[in-house]
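These are my notes from a session with one structure. I looked at cysteine pairing first, then at two helices.

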Amino acid sequence: MASGNIRLFDVRRSSNYCCSRLSVVVFVAFSLLAIWILLPSSSTFPVENPDLVYKGNDSLGHRVTNGRSGNTQIQSQDVLNDEKRTVEKGSEDESEQTKVDSANTVETDLEEKISEESTPGKTSSMKTSDKSDMTSEFDNETEDRQKNNYHKSNESREEPNTGLSNTDGGQKDGEQTMADEGSDLDEKFNRSKGNDSDMDDSAEKVNAEDSSDDVQQDNKEVDQDNERVQQDQDNNSEQPAANNNLEIQETFQESNNQSENLTQTTAPNSTWSTQVESQNEKLSQQDSKEENDYTWKVCNTTPGPDYIPCLDNIYAVRRLPSTMHFEHRERHCPENAPTCLVPLPAGYRKPIQWPISRDKIWFHNVPHTELAVVKGHQNWVKVSGEYLTFPGGGTQFVRGAPHYIDMIQNTNCQNVKANLAIAWGKRTRVILDVGCGVASFGGYLFERDVLTMSFAPKDVHEAQVQFALERGIPAILGVMGTKRLPFPSGVFDVIHCARCRVPWHVEGGKLLLELNRVLRPGGYFVWSATPIYRRDPEDVGIWKEMSKLTMAMCWDLVVIRKDKLNNVAVAMYRKPTSNECYEKRPRNEPPLCDKFDNPNSAWNVSLQACMHKVPVDMSERGSKWPEKWPVRLEKPPYWLNEVGVYGKPGQEDFTADYEHWKDVVSHTYLNGIGVRWSSIRNVMDMKAVYGGFAAVLKDLKVWVMNVIPIESPDTLPIIYERGLFGMYHDWCESFNTYPRSYDLLHADNLFSSLKKRCNLMPVFAEVDRILRPEGILIVRDDVVTIAELESIAKSLQWDVRFTHSKDNEGLLSVQKTFWRPLDVETITSAIA
């Protein structure tokens with residue numbers, strides 16, 4: 001048999017020798033060609049994550065799509081790319097590398113198609129745009145990056161029960177515990193040192209830690225996931241998604257053009273004191289390559305995780321000449337703004353979402369029990385296992401805020417004309433709650449379409465404002481001391497004080513006169529306190545003094561109502577709408593303020609025991625009550641007649657700003673910059689102008705603190721007229737709030753103006769302080785400032801969710817990550 005086979009083979013070889021040899025050559029050639037084609041496509045995966053390089057800035061317009069999610073993407077491709085990573089890391093064969101380079105040159109078009117299919121997170125810098133008006137290479141690159149990012153953002157929204165997807169296609173578990181985050185961050189540091197061989201081991205450690213979470217945490221996360229899914233469905237029904245990948249790119253460019261119009265057409269002789277930046281100067285990409293070193297340290301302070309720089313300045317407080325007017329509770333900012341990072345409390349978890357958070361929060365996020373001990377019988381807060389629960393009570397409404405809120409409205413309606421009634425959520429939209437406690441009063445007013453600015457000092461009532469913010473209820477730290485409140489005059493529809501223990505009647509009624517300044521003409525002061533219904537000598541004396549003072553202030557005592565359920569009483573006063581009473585007073589006490597005293601000057605202005613006249617000219621703000629909610633949100637104020645901030649007539653300027661933010665939010669912010677809005681509750685607009693950003697978000701389950709920087713035009717009265725709220729602030733100093741207060745910060749052309757007055761590093765440290773872990777910072781600014789902020793964010797291991805630039809205008813979205821003190825030490829050593 002063997003010999004026969006040999007003979008048969010010999011016969012065939014003699015006749016087909018040339019053909020078989022040619023077939024082998026062709027087969028080998030195609031095999032080599034296939035290897036050349038496949039190798040370049042896998043080479044698009046970076047071995048080292050650029051997000052871990054801490055020195056220097058990326059080129060202008062470069063979109064960083066790596067970060068922690070990028071690490072996940074690299075891990076998920078380990079099996080497919082083991083061979084290529086071996087070539088990149090260990091091979092010294094120059095001829096092999098020459099083949100790869102040659103293939104990259106010869107097969108450019110084919111490589112681009114294959115790499116786009118196999119690496120959805122890759123951004124091609126060679127792809128040509130189809131838009132005829134995009135002629136420059138830089139414009140083509142930014143358009144491609146925008147398209148890819150939008151596509152990946154849509155993919156991330158299709159994933160149920162997961163965290164946000166990064167712009168490079170990776171995913172991050174939104175329910176990771178602090179330990180998991182620490183493991184992931186440590187894994188990132190290993191990669192930054194070139195330890196790619198440890199990727200699989202690190203991933204196994206993370207998975208092991210995830211599987212070891214306790215049952216209660218898993219159950220809670222399931223509840224939160226269900227809540228998010230429901231909210232996502234609601235949001236999707238309210239906000240339609242974009243039809244194609246180009247829509248977000250085109251809309252961003254349109255909004256850029258409109259933004260340029262809003263900033264460039266300011267009239268030089270405008271009545272507004274604008275802070276417009278010149279857009280004429282064009283900066284080269286080389287300017288962004290300047291090396292920057294950032295060294296971060298943990299704040300070593302007595303308050304620890306609750307550190308508030310301007311309220312915890314022990315050095316300044318100890319040197320105060322007096323504290324009898326609560327000076328020690330006021331702002332005393334350090335001479336040099338701190339650049340340290342505030343650590344997380346031990347056991348910190350991702351906050352419970354609204355509306356569940358109104359009733360309970362994680363104990364370890366705000367691990368304070370003093371109020372539960374002192375005020376537990378008044379149903380402020382209780383400790384329940386790993387939760388802090390809030391029954392909805394207060395000192396004057398032990399049986400719950402809803403009954404108390406109804407009682408106030410019903411009593412008011414029975415004693416005044418219908419057009420003057422409080423009418424929660426219609427005539428009354430914005431109120432001030434003085435001495436708010438844990439802010440349950442404001443928390444339950446949300447369901448009545450009422451916004452409440454709650455404030456209380458950082459005092460012996462431990463963490464009351466921190467409780468409120470953790471619950472998702474607006475609140476700030478403040479005190480009725482020696483300075484004016486940081487609000488304009490005549491903006492609050494109602495001011496409420498329930499046993500706030502403020503000595504209103506002392507020193508000529510100076511503190512009550514401050515409330516008169518910020519109360520809208522025709523607005524109500526609702527006072528619920530023991531002097532109204534108790535008959536002990538002290539309370540009787542206080543009531544007599546308050547009666548004389550309010551009568552001299554021309555306040556009308558509308559009604560006193562006994563609340564039988566809570567066994568308290570409420571007095572309601574109404575501020576006059578004319579100056580007739582002031583002119584008829586037999587004595588000028590309290591005196592009228594000097595005509596040169598600006599009632600809207602509020603930042604670091606000392607209190608004065610005087611009253612400002614009520615506006616009576618029909619063209620003046622305050623002469624008429626605003627439109628009912630929600631009409632007042634979209635309608636320009638009747639008194640907005642002067643030239644607007646951007647140089648147009650006031651009402652036209654207002655409308656243009658509102659339309660601008662409608663486009664930006666609906667087409668860009670809600671669809672493609674890495675923000676999962678269902679997990680957002682506490683929002684701050686760091687430079688609000690007309691409040692257009694907050695106005696557009698009115699249908700989401702969020703509230704927005706609108707901040708007007710002290711160097712910006714004073715548009716805060718317009719924001720209140722719309723039924724929104726906010727305050728003045730100097731961003732070169734610390735904000736009056738606890739760490740980890742906000743889920744999202746928004747800054748439109750703020751940081752470029754701040755660079756003229758202060759260093760950006762302490763400003764960003766303040767951003768890190770008040771932003772919650774996994775919180776989002778959205779910045780619109782010039783490209784140089786965007787590049788600088790991106791570099792700072794990356795030095796803190798923040799994830800870059802989205803960035804885009806066009807014609808010196810940039811947009812950046814970054815997400816704060818979890819970290820521990822050990823992580824900061826690692827960051828510092830890596831930078832050094």
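**Entry 1: Cys310 and Cys333.** I opened the predicted model and looked up the disulfide that joins Cys310 to Cys333, where the S to S distance is 2.0 Å. The pair links distant parts of the chain, with its cysteines 23 residues apart. I found Cys310 in the loop between helix H10 (246–264) and helix H11 (314–317), and Cys333 in the loop between H11 and strand E1 (360–362). The link is right-handed, with 110° about the S-S bond. I then checked accessibility at both ends. Cys310 has a relative accessible area of 2% and is buried. Cys333 comes out at 24%, so I noted it as partly exposed, given that buried requires under 20%.

**Entry 2: the whole set.** I searched the whole structure and got six disulfides. Counting bonded cysteines along the chain, I wrote the pattern down as 1-4, 2-3, 5-6, 7-8, 9-10, 11-12. I also looked up the accessibility of two further cysteines. Cys413 is partly exposed at 39%, whereas Cys436 is buried at 9%.

**Entry 3: Cys497 and Cys500.** I looked up the disulfide between Cys497 and Cys500 and recorded an S to S distance of 1.8 Å. The torsion about its S-S bond is about -85°, so I entered this disulfide as left-handed. Both Cys497 and Cys500 are buried.

**Entry 4: Cys554 and Cys581.** I went on to the disulfide that joins Cys554 to Cys581, with S to S at 2.1 Å. Its torsion about the S-S bond is about -85°, so this disulfide is left-handed. The two cysteines are 27 residues apart and link distant parts of the chain. Cys554 lies in the loop between helix H18 (537–552) and strand E9 (556–563), while Cys581 sits in helix H19 (residues 580–584). Cys554 is buried at 9% relative accessible area. Cys581 is partly exposed at 32%. I also checked the backbone at Cys554, just after H18, and found a positive phi of about 70°.

**Entry 5: helix H18.** Cys554 follows H18, and I took that helix next. H18 has 16 residues and reaches 23 Å from its first C-alpha to its last, close to the expected 22 Å. I asked which residues of H18 are buried. They are Asp539, Trp543, Met546, Leu549 and Thr550. These residues cover an arc of only 135° around the axis, so they lie on the same side of H18. On the other side I found Pro537, Lys544, Lys548 and Met551 exposed. I then looked up what the buried residues of H18 pack against. The list is helix H16 (510–518), strand E8 (519–528), helix H17 (530–533), E9 and strand E10 (568–574).

**Entry 6: Ile405.** I ended with Ile405, which is in helix H13 (residues 401–415). Ile405 is buried, with a relative accessible area of 0%. Which residues is Ile405 in contact with, leaving aside its neighbours within four places in sequence? I listed Trp424, Phe441, Tyr444, Leu445 and Arg448. For Leu445 I also took the C-alpha to C-alpha distance to Ile405, which is 7.8 Å, with the two residues 40 apart in sequence.

Definitions and conventions:
Residues are numbered from 1 along each chain as its sequence is written. This is a predicted model: local features need pLDDT of at least 70, side-chain atom pairs count only at pLDDT 80 or more; totals for chains, interfaces and linings use all residues. Side-chain values use heavy atoms; hydrogens and water are left out. A disulfide is a pair of cysteine sulfur atoms within 2.5 Å. Helices (H or I, at least four residues) and strands (E, at least two) are DSSP runs, numbered from the N terminus. Buried means under 20% relative accessible area, exposed over 50%, partly exposed in between (1.4 Å probe, protein chains only). The expected span of a helix is 1.5 Å times one less than its number of residues. The arc is that of the directions from the helix axis to the C-beta atoms. Contact means heavy atoms within 4.5 Å.
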